[in-house]
Amino acid sequence: MAPGLWLWRQPHPAWSEGNDWEPEVSSFVVQSGGRSVVLDPLAPAPGATAVWERVEARPPDVVAVLKPDHVRDVDLFARWYGARAFGPALFWPDDVPDTRLEAIEPGMELPGGLLALYDGRGKQETPLYLPEQRALIFADALTAPHGELLVWATPWHAERVLPALRAMLELPFERVLVSHGEPVHDRLAFEAALQRPPWSEME
């Protein structure tokens, strides 16, 4: 997608018919500021040799979870690679990582110069801005279920979410990456998403 920025996609093992998100999800790797950072990783299948070889060519020294229900395989990456782990301060009771994570707060700078942002949704998500790649990465705040970038609905969409997302337009990003749906979009798609009705499970 850009120098030092790539992703892999695979079906999420917890997906089932009726979910309001598609079965394939994305995991991200960014090399920035001399660090290799894995974001919201769902471990590739053992047979996904090409993906594992690429991960291990530059082993991650940082792993981060961007939202409480994106625990995925943070424990595996922290344990296998000795990666310093970051994530939300609170998790769902039935999905708590074993690894002690350093809390991410909006405005915080992570190793590698990645900047944690505020998305206004009240879901404890911290999207990241990647300055070297001029990219935004979201866990769930934005989604692209049919290839079209949309904001994921909340009851306070207009009052809180749109102002927070519009504030991100002050950043010089060129790409927008999302976990669910088509993963890569440009800045114009982000601007258009702010004008569209939000995505909800009633779609």
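1. In which loop is Ala43 found? In this predicted model, Ala43 sits in the loop that runs between strand 3 (35-39) and helix 1. Ala43 counts as buried because its relative accessibility is 13%, below the 20% limit for that class. Leaving aside neighbours within four places in sequence, Ala43 is in contact with Trp8, Gln10, Trp52, Asp73, Leu76 and Phe77. The C-alpha atom of Ala43 is 7.9 Å from that of Arg72, although 29 residues separate the two along the chain.

2. Ala45 belongs to the loop between strand 3 and helix 1. Its relative accessible area is 43%, so Ala45 is classed as partly exposed. Apart from neighbours within four places in sequence, Ala45 is in contact with Gln10 and Trp52. Ala45 and Gln10 lie 35 residues apart in sequence, with a C-alpha to C-alpha distance of 8.6 Å.

3. The next point concerns a helix pair. Helix 1 (residues 49-57) and helix 2 (residues 74-81) have axes that come within 13 Å and cross at roughly 55 degrees. Because of that angle, helix 1 is oblique to helix 2. The crossing of the two helices is right-handed. Helix 1 contributes Trp52, Val55 and Glu56 to the contact, and helix 2 contributes Leu76, Phe77, Trp80 and Tyr81. By class, the residues of this contact comprise six nonpolar, no polar and one charged.

4. Is helix 2 largely enclosed or largely open? Helix 2 is largely enclosed by the rest of the structure, because six of its eight residues are buried. The buried residues are Val74, Asp75, Leu76, Phe77, Ala78 and Tyr81. They pack against strand 1 (5-11), strand 3, helix 1, strand 4 (62-64) and strand 5 (84-87). Just after helix 2, Gly82 adopts a positive phi of about 65 degrees.

5. Arg72 deserves a separate comment. Arg72 is placed in the loop between strand 4 and helix 2. Its phi is near 45 degrees, a positive value in a residue other than glycine. With a relative accessible area of 14%, Arg72 is buried. As noted for Ala43, the C-alpha atoms of Arg72 and Ala43 are separated by 7.9 Å.

6. A positive phi in a residue other than glycine also occurs at Arg134, where the value is near 50 degrees. Arg134 is in the loop between strand 9 (128-130) and strand 10. Arg134 counts as partly exposed, at 34% relative accessibility, whereas Arg72 is buried.

7. Which residues have the most contacts inside the largest nonpolar core? They are Leu136, Phe138, Leu142, Leu149, Leu165 and Phe190, in a core of 21 residues. Two or more residues of this core come from each of strand 10 (135-138), helix 3 (157-167), strand 13 (175-178) and helix 4 (187-193). A second core, separate from this one, has 20 residues, among them Ala2, Phe28, Ile137 and Leu177. In soluble globular proteins, nonpolar side chains tend to be buried together.

8. Leu136 can be followed in more detail. Beyond its neighbours within four places in sequence, Leu136 is in contact with Leu117, Leu128, Tyr129, Met168, Leu171, Phe173, Arg175, Val176, Leu177 and Phe190. Phe190 is thus among the contacts of Leu136, and both residues are listed among those with the most contacts inside the largest core. Leu177, another contact of Leu136, is included in the second core.

9. Two further loop residues complete this note. Arg58 lies in the loop between helix 1 and strand 4 and is partly exposed, with a relative accessible area of 38%. Not counting residues up to four places away in sequence, Arg58 touches Gln31, Gly34, Arg35 and Ser36. Arg58 and Gln31 are 27 residues apart in sequence and 8.6 Å apart in space, C-alpha to C-alpha.

10. Lys123 is located in the loop between strand 8 (114-116) and strand 9. Its relative accessible area of 37% makes Lys123 partly exposed. With neighbours within four places in sequence left aside, Lys123 is in contact with Lys67, Pro68 and Thr154. The C-alpha atoms of Lys123 and Thr49 are separated by 35 Å, with their positions 74 residues apart along the chain.

Key
Residues are numbered from 1 along each chain as its sequence is written. This is a predicted model: local features need pLDDT of at least 70, side-chain atom pairs count only at pLDDT 80 or more; totals for chains, interfaces and linings use all residues. Side-chain values use heavy atoms; hydrogens and water are left out. Axes are lines fitted to C-alpha atoms, for helices over the stretch in contact, and angles run from 0 to 180 degrees between N-to-C directions. Helices (H or I, at least four residues) and strands (E, at least two) are DSSP runs, numbered from the N terminus. Angles under 35 degrees count as roughly parallel, over 145 as roughly antiparallel, 65 to 115 as roughly perpendicular and the rest as oblique. A crossing is left-handed if the near helix is turned anticlockwise from the far one by less than a right angle, and right-handed if clockwise. Contact means heavy atoms within 4.5 Å. Ala, Val, Leu, Ile, Met, Phe, Trp, Tyr, Cys and Pro count as nonpolar, Asp, Glu, Lys and Arg as charged, and the others, Gly among them, as polar. A nonpolar core is a set of buried Ala, Val, Leu, Ile, Met, Phe, Trp, Tyr and Cys residues joined through side-chain atoms within 4.5 Å. Buried means under 20% relative accessible area, exposed over 50%, partly exposed in between (1.4 Å probe, protein chains only).
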